Amino acid sequence: MWNVTYWHKVVFSDESRFVWGTDDNRVRVWRRPAYDSRSTLIVMRGTLTGQRYVDHILRPHVVPFLNGLPGATFQQDNARPHKARVAQDFLRHFQTLSWPARSPDLSPVEHVWDQLKRQMP
């Protein structure tokens, strides 16, 4: 049975797509991991592939954060870039939280994205 102490060691992760401007200029915004503070938003234009996920998100942002948290568990949803072999191979040395296919989004970050999208024109 999981308790509050265990859940405090889970690093939730998620990104969301936003349309900026009138020319269907879509970007993905990802929140850099942090606890009890604001953190940098990472903006990526174009398609998010497994390799881009590793190169632009996991390697520069997630790994340093996880290395500073012994016993942390990384959570990501089942988006294609997250489940890509290159991403899974890259994360093999880290504890990850299994996320069943078609499971509800339980990540608290989802609520942040929802509120932000509601406030955008």
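The following conversation concerns a predicted model of one protein chain.

Colleague: What does the secondary structure of the protein chain come to?
Modeller: In this predicted model, the protein chain has five helices and five strands. Read from the N terminus, the elements run α-β-β-β-β-α-β-α-α-α.

Colleague: How many residues does the protein chain have, and what percentage count as buried?
Modeller: The protein chain has 121 residues, of which 34% count as buried. The exposed surface is about 8100 Å², and carbon and sulfur atoms supply 52% of that area.

Colleague: And what share of the contacts with a separation of 6 or more comes from residues 24 or more positions apart?
Modeller: Such residues account for 51% of those contacts in the protein chain.

Colleague: Let us turn to helix α2. How far apart are its end C-alpha atoms?
Modeller: They are only 21 Å apart. Helix α2 covers residues 50-67, which is 18 residues, and a straight helix would reach 26 Å at 1.5 Å a residue.

Colleague: Where in α2 does the kink lie?
Modeller: The kink, of about 55°, is at leucine 58, shortly before proline 60.

Colleague: What does leucine 58 touch, leaving out residues up to four places away in sequence?
Modeller: With that exclusion, leucine 58 touches Tyr53, Val63, Pro64, Phe74, Ala87, Phe90 and Leu91.

Colleague: Which residues of α2 are buried?
Modeller: The buried residues in α2 are Gly50, Tyr53, Val54, Ile57, Leu58, His61, Val62, Val63, Phe65 and Leu66.

Colleague: Why might one look for residues three or four places apart pointing the same way?
Modeller: An α-helix has 3.6 residues a turn, so residues at that spacing point the same way.

Colleague: Which residues touch the most other members of the largest nonpolar core?
Modeller: That core holds 15 residues, and those touching the most other members are Val11, Tyr53, Ile57, Leu58, Val62, Leu66 and Phe74. The elements giving two or more residues to this core are β4 (41-45) and α2. Helix α2 supplies the largest share, seven residues.

Colleague: Take isoleucine 57 from that group. Is isoleucine 57 buried or exposed?
Modeller: Isoleucine 57 has a relative accessible area of 1%, and therefore counts as buried. Isoleucine 57 lies in helix α2. Its C-alpha is 8.1 Å from that of isoleucine 42, and the two residues are 15 residues apart in sequence.

Colleague: What about asparagine 67, buried or exposed?
Modeller: Asparagine 67, also found in helix α2, is exposed because its relative accessibility is 54%, over the 50% cut-off. The C-alpha atoms of asparagine 67 and phenylalanine 94 are separated by 9.0 Å, with their positions 27 residues apart along the chain.

Colleague: A change of topic: where is histidine 82?
Modeller: Histidine 82 is in helix α3, residues 80-83. Its relative accessibility is 0%, so histidine 82 counts as buried.

Colleague: Which side chain does histidine 82 join in a polar contact?
Modeller: The side chain of aspartate 77 is joined to that of histidine 82 by a polar contact of 2.7 Å. Beyond its neighbours within four places in sequence, histidine 82 is in contact with Glu15, Tyr53, Gln76, Asp77, Ala87 and Gln88.

Colleague: Finally, where is the place of lysine 9?
Modeller: Lysine 9 sits in the loop between α1 (4-7) and β1 (10-12). Lysine 9 is partly exposed, because its relative accessible area is 41%, between the 20% and 50% cut-offs. The C-alpha atoms of lysine 9 and threonine 73 are separated by 6.0 Å, although the residues are 64 residues apart along the chain.

Technical notes. Residues numbered from 1 in each chain as written. Predicted model: local features only at pLDDT ≥ 70, side-chain atom pairs only at ≥ 80, totals over all residues. Heavy atoms only, no water. Helix = DSSP H or I, 4+ residues; strand = E, 2+ residues; numbered from the N terminus. Expected span 1.5 Å × (residues − 1). Bend = angle between axes of the 7 residues up to and from the residue. Buried < 20%, exposed > 50% of the residue type's maximum accessible area, 1.4 Å probe, protein only. Polar contact = N/O pair within 3.5 Å; in protein donor to acceptor, adjacent residues only side chain to side chain. Contact = heavy atoms within 4.5 Å. Areas by Shrake-Rupley, 256 points an atom, 1.4 Å probe, with all protein chains shown as cover. Core = buried A, V, L, I, M, F, W, Y, C linked by side-chain atoms within 4.5 Å.
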